[in-house]
Amino acid sequence: VIRCRAAVAWAPGKPLSIEEVEVAPPKAGEVRIKIVATGICHTDEHILRSSLPNVEFPVIPGHEGAGIVESIGEGVTSMKPGDKVIPLCVPQCGECSFCQNPESNFCQKSHMYEPQNLLPDKTSRFTCKGKQIHHFLWVSTFAEYTVVPEYAVAKIDAAAPLDKVCLFGCGFSTGYGAAVNTAKVKPGSTCAVFGLGGVGLSVVMGCKAAGASRIIAVDINKDKFAKAKELGATDCINPQDFKKPIQEVLTEMTGQGVDYSFECISTILNISITHANKPLLVSHRNPLILKSRKSLTKDWRWSLIFLLFLGWKMRESLPKLVSGYLEKKFNSDLLITHTLPFAKVNEGFELLRAGKSIRSVLLF
């Protein structure tokens, strides 16, 4: 048993509490990881607000981390102590029918099928003050050590800087994958991106990498526009600057609407400005099912696409994404606006709520 620090959410609406927790050793098929760095994602804020389903308190949040394997349980063969890894909120067991389907990344062991408040054997590896503490998505990266099933861990290149690639565990992979995997943005196309947080800006990067000729970034926080342009946006607009609906503004800007639109704020705003292709809800929350309807600007049918982590089979794809980072194919470092010691986790959430950060990274 390892005793270490963790940020515990004891109840909804309360600040995280830095506590000493006990982390049990890994059982068969499990990996215990020393977390080195973890990002603060808006999904973690949803936990604190109790607006995510199937989360049980007390819980250790965090799901965007990177670390080093400390020990392995019986039967683990894909990694060893000392390996650099990223724990995954979307597992890839490799055995279920979904994992074996090349068109799907919805592993049937994921939280879409059963809660991940406890590890697969329905027990927790965390204890604090004599009480069982729940896991979050099996990952719980707001702990100095965490235990995760082997099939929810990706081994990455030993050269990878963990304080940078921790973002690949969630935000960057989600946004970048939305453009290059799911939408399959074509060279010369026009894109609109609604919401310029970590996910939205990663979409901008993906659109640029895919060769989009025009990338229109939309947000009510003008402070994010400089970052958006640095990452590849060609235009930045604030809906509050116009008296007319934003879809009319975009249609006038482009003549007929955009080729691809990405909604990265979990509010359906942009469905009416895509003239031909499908608007994409970029989210890793529960999927939405909407009936198709006509666009307001053209007589096209549309449907809302939702894909968890936007097309990545994470165990096999994430190491390749990290290799792309090391080869300087993109610069995801620009998403990191604040680096804080772990003890300042609540300060990181205040920056998020105030709209002052894109991604804050906590270092242990």
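Student: Which residues of α7 are buried?

Tutor: M314, S317, L318, L321, V322, G324 and Y325 are the buried residues of α7. Keep in mind that this is a predicted model.

Student: How do I read that spacing, and where do those buried residues fall around the axis of α7?

Tutor: Start with the general idea: an α-helix has 3.6 residues a turn, so residues three or four places apart point the same way. In this case, looking down the axis of α7, the buried residues fall within an arc of 155°, so they line one face of the helix.

Student: What covers the buried residues of α7?

Tutor: The cover includes two strands, β5 (84-87) and β9 (153-155). It also includes α2 (162-165) and α3 (171-182).

Student: What should the 13 residues of α7 span, and how far apart are its end C-alpha atoms?

Tutor: Take 1.5 Å a residue, and helix α7 (residues 314-326) should span 18 Å; its end C-alpha atoms are 18 Å apart, so the two agree.

Student: And what follows α7?

Tutor: K328, with a positive phi near 60°. For background, most residues other than glycine have a negative phi, and most peptide bonds are trans. K328 isn't a glycine, yet its phi is positive. You'll find K328 in the loop between α7 and β17 (336-341). It counts as exposed because its relative accessibility is 72%.

Student: What is the phi of K184?

Tutor: About 50°, so to speak on the positive side, although K184 is not a glycine. K184 sits in the loop between α3 and β10 (190-194). At 52% relative accessibility, K184 counts as exposed, since the cut-off is over 50%.

Student: Is the peptide bond from F57 to P58 cis or trans?

Tutor: It is cis, with omega near -5°. P58 belongs to the loop between α1 (42-48) and β4 (65-72).

Student: On to the rings. How many aromatic pairs are there?

Tutor: The count comes to 10. Take F142 and F349, for instance: their centres are 6.1 Å apart with 80° between the planes, which makes the pair edge-to-face. This pair links distant parts of the chain, 207 residues apart. F142 is in the loop between β7 (131-133) and β8 (145-149), while F349 is in helix α8 (residues 345-353).

Student: Are F142 and F349 buried or exposed?

Tutor: Both are buried. Another pair, Y325 with F330, is tilted, at 6.5 Å centre to centre and 45° between the planes. Y325 has a relative accessible area of 10%, so it is buried. F330 counts as buried too, at 12% relative accessibility.

Student: Which residues form a cluster with Y325 and F330?

Tutor: F168, F172 and Y176 join Y325 and F330 in one aromatic cluster.

Student: How many disulfides does a search of the whole structure find?

Tutor: Zero. Look at C264: the closest cysteine sulfur is in C207, and at 8.8 Å that is too far for a bond. C264 is buried, with a relative accessible area of 16%. C4 is buried as well, at 5%.

Student: Let's zoom out. How many helices and strands does the chain have?

Tutor: The secondary structure comes to eight helices and 18 strands. Of the 364 residues in the chain, 57% are buried. Among contacts with a separation of 6 or more, 66% involve residues 24 or more positions apart.

Student: And how much area does the chain expose?

Tutor: About 14,800 Å², with carbon and sulfur atoms supplying 51% of it.

How values were computed: Residues numbered from 1 in each chain as written. Predicted model: local features only at pLDDT ≥ 70, side-chain atom pairs only at ≥ 80, totals over all residues. Heavy atoms only, no water. Helix = DSSP H or I, 4+ residues; strand = E, 2+ residues; numbered from the N terminus. Buried < 20%, exposed > 50% of the residue type's maximum accessible area, 1.4 Å probe, protein only. Contact = heavy atoms within 4.5 Å. Areas by Shrake-Rupley, 256 points an atom, 1.4 Å probe, with all protein chains shown as cover. Expected span 1.5 Å × (residues − 1). Arc of directions from axis to C-beta. Phe/Tyr/Trp six-rings, centres within 6.5 Å; stacked < 30°, edge-to-face > 60°. Disulfide = S-S within 2.5 Å.
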